[in-house]
Structure formats: C-alpha cells, structure tokens
Amino acid sequence: QMFGQARRHAKPRVGFTKGFQSYWHNFSSLQKFLLLLILCILIWKIISPHFHQLVTTFTRYRSLSSGPIHVVMCYDVGEYNFGLKALINSILSNMEDPKRLAVHFIANPDHHKLIEEFVEELRERYPSSFFDFRVFTEWPSKEKIFPGTNRFKNLLNLSRLYVSLLFPKVDKIVSLDTDMIINEDIAALWDEANVEEKPIAAAYDRRSRLRDYVDGTAVELRNKKDLNLDAPVFTCGLFVANLSAWRELSIVEEVEKLALEAASYTSSNSSGGYINNRTLKKSLMNLAFQGRSKELDSGWMPVGCDGVDPKNFWRAQQLHAMVRVLHFAGFDGKPWTEHSSCPKAVKSLWYHYYYWATYLH
C-alpha cells in the first residue's frame with residue numbers, strides 16, 4: 001500500500017517524444033513551416049559542398065558493382081598454354097560474382113580451331129560467365145610496321161596495342177599477360193581503376209625510367225618537346241584501359257607512327273634504333289601514354305619470382321594472402337618448367353591454381 005500511495009502521488013515522467021509533441025502542437029502552422037525551412041537550409045549547408053561527389057560516387061559504384069568486367073588475354077599454345085589455364089583458374093576461383101566476368105581472347109589465325117574448341121569448353125563449364133575470342137587476321141599487314149626480328153615482335157606480344165580495334169563494342173578492359181596469376185577478386189581492380197579521365201591505368205615501376213627503354217639521343221625523340229625521359233615507366237603485363245578514349249585519341253595510329261619512326265631509325269643507325277626491342281610493347285606504350293596514364297595502387301604491382309623472399313613467404317597460403325598479382329616474366333621465372341628459379345611457395349600456389357580445374361582442350 002505504501003508503494004501504491006507513492007505511485008499515486010509521484011509526478012509522472014514525460015518522455016522526450018511526448019514533450020516535443022506537446023511543444024510542437026503549440027506552434028502555429030506558419031511557425032512550423034519556418035522551423036522546417038530553417039532545418040532544411042542548415043542540412044543543405046552541411047551536405048551541399050559534397051553533394052555532387054556523393055551522387056557521382058554512388059552512381060559510379062552502382063554501375064561498376066553490377067556491370068560486366070571485361071578481361072582481355074591472348075590464347076597461347078605450347079608451354080604458355082599452361083600459364084593461360086592457371087591464370088583463368090586463378091580469376092574464377094577468387095571471384096565472388098563470376099556472372100560479371102567476360103573474358104575476350106586474342107588468337108593467332110593459325111589457332112582458330114583450337115581457340116574455338118577451348119572457348120566452347122569454357123562456356124559449357126562456366127555458363128554464368130561470358131567467353132569469346134577474336135582472331136587477329138589483320139596481323140600480317142601490321143607486322144611490318146614494328147622493328148626487330150626477335151620473339152618480342154610477335155602477334156601475341158603486340159596485339160594488346162590493338163585492343164581498341166579488336167573489340168570495338170567494349171569501352172573498358174583489364175589486359176593480362178598469360179604468365180600471371182591473380183590472387184584477388186578481379187572486381188576489386190576493375191572497381192578501383194577509374195579510367196574515365198585517363199586512357200590507361202597501370203602500376204608504376206619507380207625503379208626504372210623511360211630513358212632505360214629508349215635511346216634519348218635519337219633525333220625523333222629529341223624533337224618531342226613534351227617527352228620526359230626521367231619519368232617512371234608503367235608495367236604492361238597488367239593494365240586497365242579506357243578503349244573509348246583510345247579511339248578518340250587515335251592511340252593505335254600514334255603507336256604505329258612511333259614504331260615506324262623506330263624502324264626507320266634502326267635501318268639508318270647501327271646502334272639498333274631508339275627502342276629496346278626486348279621491351280618493344282612496354283616502350284611503345286610508355287611513349288604513347290606519357291602524361292596520360294593513371295597510377296594504380298601499388299598493391300597491383302605484379303611481383304616476379306625474384307621478388308618473393310622464401311624467408312618471408314615459405315607457404316603458398318601466405319603468398320596468396322599478401323601478394324595480389326604474380327607475374328612470371330623472363331625465361332627462368334616460369335613455375336611450370338623443370339628448371340624454374342621460382343621459390344617453392346610460388347610453385348605450390350601456381351600448381352594449386354593449375355589443378356583447380358583441368359581442361360580437355
């Protein structure tokens with residue numbers, strides 16, 4: 001009873017919501033309108049400086065996170081065919097949403113039947129992803145443009161210079177060498193690499209300079225006023241390209257002009273020309289895109305076998321977790337060869353991907 005009396009005479013508590021409602025009902029309609037107007041103005045003052053950025057970011061995120069991811073790679077035969085299949089498996093096994101994946105192969109005319117069978121097998125095995133190919137039938141007329149006669153002057157090495165022509169209906173691509181593996185969801189690279197304002201994005205090798213790849217004493221280069229021979233070079237094994245911008249800027253024509261200049265210089269100078277033929281694709285692309293490239297996050301810099309310290313990476317799981325991209329460039333860095341110089345962890349990871357799925361073709 002004592003507690004009951006206390007409850008009867010206690011002053012009732014008024015919650016914030018009820019209190020606010022009682023005050024709000026005391027305002028006239030005009031006062032309510034003015035208060036809401038002031039509140040809206042204050043909110044707009046806070047968000048207006050960032051409104052455009054927020055809308056742009058949201059729109060871009062919606063479009064990127066739902067659209068297809070176009071990946072271009074060459075169809076290799078021989079020992080590089082091992083690398084190609086490990087690369088495909090590494091991409092598929094790490095993708096959260098394989099429905100977004102669209103792989104476009106570039107093939108030598110001599111391998112038309114082989115690529116046709118391989119693509120058909122991929123379509124049957126992975127129906128949620130998209131696969132097609134383009135035979136580079138124009139190569140015989142293009143080959144004479146490029147200087148040199150070594151293995152670096154071949155269709156598969158130089159075809160990425162022509163991606164804007166080979167795939168006219170595609171506006172953005174990720175280009176990959178076949179002797180690579182990707183340890184990350186490639187959607188992360190696609191969504192991070194905004195190439196709306198630049199025709200290409202790639203990782204920069206800040207240990208090297210353009211002068212390491214070209215002969216800066218060549219008259220043709222000395223006449224290029226905007227050329228900076230001390231600029232760092234970007235890697236070409238992995239890059240993201242805005243193909244619409246390539247077409248608008250006539251990149252193919254510019255690359256061919258540079259190649260013809262180099263070939264002309266080679267024929268009139270015994271030093272071998274102003275482009276290092278062992279890095280022909282890389283040299284031409286860095287000349288064509290200087291001042292027009294965007295740097296990718298350093299995490300996308302491809303790491304070779306010589307960049308993997310066995311003391312730090314002695315298990316494949318560690319390598320998978322810490323290195324996004326492995327690139328087995330050079331003759332000694334192929335993990336599938338008998339005399340490979342790759343550390344054990346690298347070989348183990350590569351074989352994990354290679355046997356993730358086996359193919360008939």
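**Close-up 1. A salt bridge within helix 5, between E121 and R125****.** In this predicted model, the side chains of E121 and R125 pair up in a salt bridge, with 3.9 Å between the closest N and O atoms. Both residues belong to helix 5, which spans residues 112-125. Because they sit four residues apart in that helix, about one helical turn separates them. The two partners can be told apart by their accessibility: E121 is buried, at 8% relative accessibility, whereas R125 is partly exposed, at 36%.

**Close-up 2. D171 and R247 joined by a salt bridge****.** Here the N to O distance is 3.7 Å. D171 comes from the loop between helix 8 (163-166) and strand 4 (172-176), while R247 is part of helix 11 (residues 243-248), so this salt bridge ties together parts of the chain that lie 76 residues apart in sequence. Have a look at the accessibility of each partner too: D171 is partly exposed, with a relative accessible area of 46%, and R247 also counts as partly exposed, at 29%.

**Close-up 3. D177 and K281 in a salt bridge****.** The closest N and O atoms of this pair are 3.3 Å apart. It links distant parts of the chain, 104 residues apart: D177 is found in the loop between strand 4 and strand 5 (180-182), and K281 in helix 13 (residues 280-288). D177 is buried, at 14% relative accessibility. K281 is buried as well, with a relative accessible area of 6%. Since the cut-off for buried is under 20% relative accessible area, the values for D177 and K281 both qualify. Keep R160 in view as well, for R160, D177 and K281 are linked in a network of salt bridges. For the wider setting, the whole structure holds 16 salt bridges.

**Close-up 4. S283 in helix 13 and its surroundings****.** We stay with helix 13, the helix that holds K281 and also S283. With a relative accessible area of 1%, S283 is buried. What does the side chain of S283 reach at 3.5 Å? Its partner is the backbone oxygen of Y213. Setting aside neighbours within four places in sequence, the residues in contact with S283 are Y213, I275 and N276. Y213 therefore appears twice in this view, because its backbone oxygen is reached by the S283 side chain and a contact is defined as heavy atoms within 4.5 Å.

Methods: Residues numbered from 1 in each chain as written. Predicted model: local features only at pLDDT ≥ 70, side-chain atom pairs only at ≥ 80, totals over all residues. Heavy atoms only, no water. Salt bridge = Lys/Arg side-chain N within 4 Å of Asp/Glu carboxyl O. Helix = DSSP H or I, 4+ residues; strand = E, 2+ residues; numbered from the N terminus. Buried < 20%, exposed > 50% of the residue type's maximum accessible area, 1.4 Å probe, protein only. Polar contact = N/O pair within 3.5 Å; in protein donor to acceptor, adjacent residues only side chain to side chain.
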